[in-house]
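Me: I have a structure open here and would like to understand it piece by piece. Could you walk me through some of it?

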Amino acid sequence: MLIITGSLAYDYIMGFPGSFSDHILPEQTHNINVSFIVDNFAKRRGGTAGNVSYTLGLLRTPHILFSYAGKDFGEYKQAFEELGIKTNHVAIDDNDYTATGFAMADKKQNQIWGFYNGATAKNATLDLKKVAKKTDYVLVGPQGAEGSLSFIKQSVEREIPYMFDPGFILTQISNTDLLFGLKHAETIIGNDYEMRSINNRIRDFATIEKSKIIITTLGEKGATIDIRKKRYKIPPVKVTKIGATMGAGDAWRGGYLAGRVLGFDYEISGRMGAVASSFAVEHVGSQDQTFSLKQFAKRYKDAYNENLKL
C-alpha cells in the first residue's frame with residue numbers, strides 16, 4: 001500500500017498579466033517594495049500530499065492519505081470522498097486552519113509563493129506504525145523539515161522503503177539531516193535545480209546516488225530516471241494549452257507511483273507520470289484536471305505510440 005505524506009492545503013492563486021522581471025530592480029533587491037495588480041484569482045485545493053492523492057484517485061490506485069488538516073477541511077474532505085479517496089487517516093486540528101498557500105504567477109509562469117503551515121505543522125506527531133507495515137511504500141512529501149524528518153526516521157526504524165522529495169525543505173534542513181534522508185531513501189526525486197542544490201551541499205552525493213533510484217523532473221523537457229548505470233529518458237507529453245505549472249510535479253509523482261503499484265517498469269511508470277502531469281498543466285489549479293482511465297490511456301497511446309492497459 002502507498003502511504004502518502006506531505007501537506008494538505010488550500011491555495012489562493014493569482015495571475016499577473018505582466019512579467020515580474022519588468023518591475024523588480026536588481027540593484028534594489030535589498031529594499032523591495034512592489035505591488036502587482038492581478039487580473040484573475042481562484043481558491044483551489046492543494047498541498048503536495050493532496051495533489052498526489054488526487055492523481056492516484058483519478059487513476060483508481062489504492063493508497064492511504066496520512067497528514068494533518070485544520071478545522072476548515074470540510075469541503076476538501078467532501079470533494080475527495082466523492083472521488084473515492086478515503087480521508088479517514090487525515091487527522092484534524094480543531095484549533096488551527098488547513099495549511100494555506102498564496103501564489104502569484106506572471107505570464108511566463110514565474111511564481112512567488114507565501115505559505116502558512118497551519119495544521120500541517122503537526123505532521124511530525126503522526127505515528128507511521130498506525131498505518132504502515134514493512135511491505136508498504138511511503139512518499140515523504142514536502143511538509144516542513146520537522147514533518148519530513150519524522151517520517152524519514154520512522155520509515156528507517158521500521159524498515160519501510162520510502163521516496164524522498166526534499167525540494168521544498170532544502171532551505172530549512174541541515175546538511176546532516178539531508179544526508180540522512182538521502183542515504184536511507186529508496187528513491188530520491190526533485191527538479192533539476194533541486195538536484196543541483198543537493199549536489200552542491202552533499203559532498204558524497206555522487207556516491208550515494210549510485211545505489212538509488214534518482215528521478216529528475218525537467219519541466220517541459222520531460223524527466224530522467226537513473227537506476228545505477230541505466231538511464232531512462234522520459235519525453236514530455238505535448239499539450240495544446242497551458243493553464244499553470246503549479247501542481248504538475250505532484251501529478252507526475254502520482255502517475256509514476258500508480259504505475260509502480262500496478263506493476264509497470266520504471267520507463268512506463270515515468271511516462272504515466274508525464275501523462276498525468278500533462279493533464280495538470282492544462283488547468284490553473286493543481287486539482288482542476290480530470291480524466292477517465294480511458295482518456296488517460298488514449299493520451300499515453302498518442303504520446304508514446306504504445307497501448308497502456310489500466
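Reply: We will go through one sheet, then a few single residues, and please keep in mind that this is a predicted model.

Me: Okay, in what order do the strands of the open sheet sit?
Reply: The open sheet has four strands in the order 3-2-7-8, and the pairing in this sheet is mixed. Strand 3 (40-46) and strand 8 (111-116) are the edge strands, each of them pairing on one side only. On average, neighbouring strands of this sheet are turned by 15 degrees against each other when direction is ignored.

Me: What holds paired strands together in general?
Reply: Strands of a sheet pair through backbone hydrogen bonds, and the pairing can be either parallel or antiparallel.

Me: And how does strand 2 pair with strand 3 and with strand 7, parallel or antiparallel?
Reply: With strand 7 (residues 99-105), strand 2 (residues 9-15) runs parallel, and seven bridges join the two. With strand 3, strand 2 runs antiparallel, and seven bridges join this pair as well.

Me: Which residues stand opposite Tyr 12 in those strands?
Reply: Tyr 12 stands opposite Phe 102 in strand 7, while its bridge partner in strand 3 is Lys 43. For Asp 11, the bridge partner in strand 7 is Gly 101.

Me: How many residues of strand 2 are buried?
Reply: Five of the seven residues of strand 2 are buried, so the strand is mostly covered, with buried meaning under 20% relative accessible area.

Me: Which helix lies across strand 2?
Reply: Helix 2 (residues 74-83) lies across both strand 2 and strand 3, and this helix runs at about 65 degrees to strand 3.

Me: Let's go to the edge then. Where is Tyr 116, and is it buried, exposed or partly exposed?
Reply: Tyr 116 is found in strand 8. Its relative accessible area is 42%, and because that value falls between the 20% limit for buried and the 50% limit for exposed, Tyr 116 counts as partly exposed.

Me: What does Tyr 116 touch?
Reply: Not counting residues up to four places away in sequence, Tyr 116 touches Asp 96, Ala 99 and Thr 100. With Asp 96 there is also a polar contact, side chain to side chain, at 3.0 Å. In addition, the C-alpha atoms of Tyr 116 and Gly 101 are separated by 6.3 Å, although the two residues are 15 residues apart along the chain.

Me: New topic: what about Asp 93, buried or exposed?
Reply: Asp 93, which has its place in strand 6 (residues 90-93), has a relative accessible area of 7%, and because this is under 20% it is buried.

Me: What is around Asp 93?
Reply: Leaving aside its neighbours within four places in sequence, Asp 93 is in contact with Tyr 68, Ala 69, Gly 70, Lys 71, Ala 119 and Lys 122. A polar atom of the Asp 93 side chain also lies 2.9 Å from the backbone nitrogen of Asn 95.

Me: Last one: what is the phi of Arg 60, and where does this residue lie?
Reply: Arg 60 has a positive phi of about 55 degrees although it is not a glycine, and it lies in the loop between helix 1 (48-58) and strand 4 (63-65). Its relative accessible area is 56%, which is over 50%, so Arg 60 is exposed.

Me: And Arg 228?
Reply: Arg 228 also has a positive phi, near 55 degrees, and is a residue other than glycine. Its place is the loop between strand 13 (223-227) and strand 14 (230-234), and at 61% relative accessibility Arg 228 counts as exposed.

Terms used
Residues numbered from 1 in each chain as written. Predicted model: local features only at pLDDT ≥ 70, side-chain atom pairs only at ≥ 80, totals over all residues. Heavy atoms only, no water. Buried < 20%, exposed > 50% of the residue type's maximum accessible area, 1.4 Å probe, protein only. Polar contact = N/O pair within 3.5 Å; in protein donor to acceptor, adjacent residues only side chain to side chain. Contact = heavy atoms within 4.5 Å. Pairing = 2+ DSSP bridges. Axes fitted to C-alpha atoms, helices over the stretch in contact; angles between N-to-C directions.
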